[in-house]
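Reader: I would like to go through the aromatic rings of a protein model and ask how each label is earned.

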Amino acid sequence: MEASTCKQDVLQRKKNAVLVDGVILNGPITDSKAGEKFVEEACKIIMEEIIQKADDVTEKVCEWRDPETLKKILDLEMRDTGESHQKLLQLCQDVIQYSVKTNHPRFFNQLYAGIDYYSLVARFITEALNPSVYTYEVSPVFLLVEEAVIKKMIEFIGWEEGDGIFNPGGSVSNMYAMNLARYKFCPEIKEKGLSGLPRLVLFTSEECHYSMKKAASFLGIGTENVYFVKTDERGKMIPEELEKQVQRARKEGSAPFLVCATAGTTVLGAFDPLDKIADICEKYDLWLHVDASWGGSALISRKHRRLLRGIQRADSVAWNPHKMLLAGIQCCALLVKDNSGLLKKCYSAKAAYLFQQDKFYDVSYDTGDKSIQCSRRPDAFKFWLMWKALGTTGLEERVNRALALARYLVEEIKKREGFQLLLEPEYANVCFWYIPPSLRKMEDGPEFWQKLHRVAPVVKERMMKKGSMMLGYQPNQGKVNFFRQVVISPQVRCSRSDAVWQMHCANHEKPWQRGFLP
């Protein structure tokens, strides 16, 4: 009986079909019921395999497989016919299993970590709504949210007014700032291009983010026109060296236009002396941009905002709430002190099909023309919902806790044989060497440092393959490979019995060390 009814339904649909070029237009292209069921089951997997295991230290940070093996496991080939939902759900399981769990308590590899449940829900909402933030008519809520968040961030910088835009990454924010500073220096570049311009040069520290070189290359300024200023032993730009570089550039007949200071360098976590740098920028009429992608969140903390003393004198600031504040990648803002519409003047293309001036509402809310993008994600929403949930005091506690964890780690490293601090950190970057037993009685000299240089990669490989921990390492300014541990995840629990802290609290008889130390 049921089969007969189904057959009749099919025949009826064929009889009533609206056909154009052989395509049925009055029937659904997808099975909504099956799709809803798939979403429901996939969300259950996400809940069970990611969210509920986020603070489980017994889980692996990563189920490591080499690329060729992983290709076979994942079955990456796309075919003419679709896979069953059961196969797709298994693929979802596999993707989760073999991906790095950045919300794991032992993930210390990057300048982001952990999971914030409110920003995660915000991401679920925006992914489901699939908005693009350029005009009020298509994205009313998210444009107002972005406006509110930018206004609040500007207050924390210390400006009375300003402007801003959320971008896909701190690197893009730095590029925006570089281009904006150049436009302010020579507005005719927007129409006439680079021809006829003097040799433009900019200044940044030796410890700056590599995006400064990329931005100079991308914008046609040229990497040779990026003057790298010497830093002190803590990785901070030396103001006197900056002034020498500016004077040198002027004597060469070049046109200095920008200084980029860093508030929280990638490796050492150093904060450049912003007040002294601002003095030089004022003296030579240079745009001051502060790359506070990493360190900007210290502004939220009354205890630690002193690290950014002088930031209110900057012309622009890059700040990534997806790092220390855990707003979820990506959540990055460029904030600009100028409130005269400089961003829009620099980037506007006045697309008539999108930014019509005769709309039925206030078109000043169509802020998309300030962006180099057209389609743009509502990244501010993640930060906004999290801020609404935790309040400023909750965000401040997050910063204070991260820096307290770093301080705890430093004190434990000092107590333990075989661990040597690179320097006392002023932020959450804890840099140290692990010296294995075989090297501890060796004389300090070239051979010692050559051998120590090889230790960190071996330790990292063993930890990765075991899945016990992810920890970054690198050489820096003539120093051999050392570990950089960034402890910001709210999933971290500071306990002497916690395996996370055994890396720096335990002696060599502990079983965890037999697993991955040379």
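Reader: Why is Tyr365 called partly exposed?
Author: This is a predicted model, and in it Tyr365 has 30% relative accessibility. Buried needs under 20% and exposed over 50%, so Tyr365 falls in between and counts as partly exposed.

Reader: What makes Tyr136 partly exposed?
Author: The relative accessibility of Tyr136 is 28%. That value also sits between the two cut-offs, so Tyr136 is partly exposed.

Reader: How many aromatic pairs are there?
Author: The count comes to 19 aromatic pairs. Among them is the pair of Tyr136 and Tyr365, whose ring centres are 5.9 Å apart, within the limit of 6.5 Å.

Reader: Why is the pair of Tyr136 and Tyr365 called tilted?
Author: Their planes stand at 50°. Stacked needs under 30 degrees and edge-to-face over 60, so this pair is tilted.

Reader: Which parts does the pair of Tyr136 and Tyr365 tie together?
Author: Tyr136 lies in the loop between α5 and α6, and Tyr365 in the loop between α12 and α13, so the pair ties together parts that are 229 residues apart in sequence. Ring pairs also link Tyr136 and Tyr365 with Phe360 and Tyr361 into a cluster.

Reader: What makes Phe383 and Trp387 a tilted pair?
Author: Their ring centres are 4.9 Å apart, within 6.5 Å, so they pair. Their planes are at 35°, neither under 30 nor over 60, so the pair is tilted. Phe383 and Trp387 are four residues apart in helix α13, separated by about one helical turn.

Reader: How do you know whether Phe383 and Trp387 are buried or exposed?
Author: Phe383 has 0% relative accessibility and Trp387 has 11%. Both values are under 20%, so both residues count as buried.

Definitions and conventions
Residues numbered from 1 in each chain as written. Predicted model: local features only at pLDDT ≥ 70, side-chain atom pairs only at ≥ 80, totals over all residues. Heavy atoms only, no water. Phe/Tyr/Trp six-rings, centres within 6.5 Å; stacked < 30°, edge-to-face > 60°. Helix = DSSP H or I, 4+ residues; strand = E, 2+ residues; numbered from the N terminus. Buried < 20%, exposed > 50% of the residue type's maximum accessible area, 1.4 Å probe, protein only.
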